[in-house]
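Me: Could you walk me through this model, one question at a time? I would like to see the reasoning behind each answer.

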Amino acid sequence: MRQALRFAFRPVAEAKSAAALAAAAGAAGAASSALSGSSTSACEEAKYVPPQVWQPVVSGGKFAGVNRPTAGARTQQALSVGKHPIQLYSLGTPNGVKVTIMLEEICAVYTDFDYDAWRIKLDGAQFTSGFVEANPNSKIPAMMDHTTSPPTRVFESGAILIYLAEKYPDCKLLPTGTAKRAECLSWLMWQMGSAPFVGGGFGHFYFYAPERLEYPINRYAMETKRQLDVLNQQLAKNTYICGEEYTIADIAIWPWYGGLVLRRLYGAGDFLSVDEYTHVVRWAKQVEQRLAVRRGRMVNRNDPDKSDLYAGIPALLERHGRQDWAN
């Protein structure tokens, strides 16, 4: 079945016309039938019929133990608070890396700036009372700004990037001109709206789900490749996402789509033929030349990158000051 799945997707991804799409679909069906004469009956036996009213079930998968259909705190525990004004509660996932890259970019410009980054493991820690107060949606990252009284909470990675870009304008990561600002925010929102199809869609069904199913993998692989092509066409005309200037749009997009084309997400580089997105690959490598990007990627994680590019940059489970990079 896995061979049929790969067969089914590649012709569709490369098809240039409706006729080619139809031919590819036919070839895929023939390949699947040839592999298993009983595949149709097996699918019929496993067909899911939704009940009149949905009830929670144990569905399996990596995060099944913490998933519930309800929100709010499950345990009482306050968040830790360090000595710096900005307190981040996060993890080294693509959404978390967006914010740590941003914070390291601020450190590079504001010599008196520093921050604490606390690691929030996705084992239920996001449902403590303290974290829920910082983010009622119980998702990382969440940030508390203690330069205000009372402290200002900011959640959702895109909102955090805008907040920090406006608070620390000398970084020049959010354009001020009307047209350029609109372009930057448009791409930022594109990332926020598109990445769930990559992570919650493709990544889940290809990598995290308890079993690989052909339909959802094909559906979300198609969408992931379409998004990569959107970026590839944009970057064919521009050095960075919004033109010749590096912005929060690049910071938001790089951990997800840079991670894909640099073969760091889901073990799916060959499956998605990521090397064909040459402009995205060029951009991803160029962005990674920034020290703040490499450092930001290493925050709230325990596995260092052992490549030459990351020489001297440790992985930090938690970060509590600039001095951590020297340890």
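Reply: Happy to! Helices (H or I, at least four residues) and strands (E, at least two) are DSSP runs, numbered from the N terminus. With that naming, Pro 141 lies in the loop between helix 5 (129-134) and strand 3 (142-145). Please keep in mind that this is a predicted model.

Me: What is the mean pLDDT of the protein, and over which residues is the pLDDT below 50?

Reply: Of the protein's residues, 86% reach a pLDDT of 70 or more, and the mean is 89. The stretch with pLDDT below 50 still has 34 contacts in the model beyond near neighbours in sequence. That stretch is residues 1-42.

Me: Where does helix 7 bend?

Reply: Helix 7 covers residues 178-208, and its 31 residues reach 41 Å from first C-alpha to last, close to the 45 Å expected at 1.5 Å a residue. The bend is about 35 degrees, and Pro 196 follows within four residues of it. The residue at the bend is Ser 194.

Me: Is helix 7 roughly parallel or antiparallel to helix 8?

Reply: Two packed helices are described by the angle between their axes and the distance between the axes. For helix 7 and helix 8 (residues 214-235), the angle is about 150 degrees and the axes are 9 Å apart. Angles over 145 degrees count as roughly antiparallel, so helix 7 is, relative to helix 8, roughly antiparallel.

Me: Is the crossing of helix 7 and helix 8 left-handed or right-handed, and which residues make the contact?

Reply: Helix 7 passes helix 8 in a left-handed crossing. Helix 7 brings residues including Trp 187, Trp 190, Phe 202 and Ser 194 to the contact. From helix 8, the partners include Tyr 220, Thr 224, Gln 227 and Leu 231.

Me: How is helix 8 oriented relative to helix 10?

Reply: The axes of helix 8 and helix 10 (residues 278-287) come within 7 Å and cross at roughly 75 degrees. Leu 228, Leu 231, Asn 232 and Leu 235 of helix 8 make the contact with helix 10 residues, among them His 279 and Trp 283. Angles of 65 to 115 degrees count as roughly perpendicular, so helix 8 is, relative to helix 10, roughly perpendicular.

Me: Which peptide bonds are cis?

Reply: Most peptide bonds are trans. Two bonds with omega near 0 degrees lead into prolines, Pro 141 and Pro 150, and Pro 150 sits in the loop between strand 3 and strand 4 (152-155). The cis bonds run from Ile 140 to Pro 141 and from Ser 149 to Pro 150.

Me: What is the phi of Ser 138?

Reply: Most residues other than glycine have a negative phi. Ser 138, in the loop between helix 5 and strand 3, is not a glycine, yet its phi is positive, at about 55 degrees.

Note on methods
Residues numbered from 1 in each chain as written. Predicted model: local features only at pLDDT ≥ 70, side-chain atom pairs only at ≥ 80, totals over all residues. Heavy atoms only, no water. pLDDT = per-residue confidence, 0-100. Contact = heavy atoms within 4.5 Å. Expected span 1.5 Å × (residues − 1). Bend = angle between axes of the 7 residues up to and from the residue. Axes fitted to C-alpha atoms, helices over the stretch in contact; angles between N-to-C directions. Parallel < 35°, antiparallel > 145°, perpendicular 65-115°, else oblique. Left-handed = near helix turned anticlockwise from the far one by under 90°.
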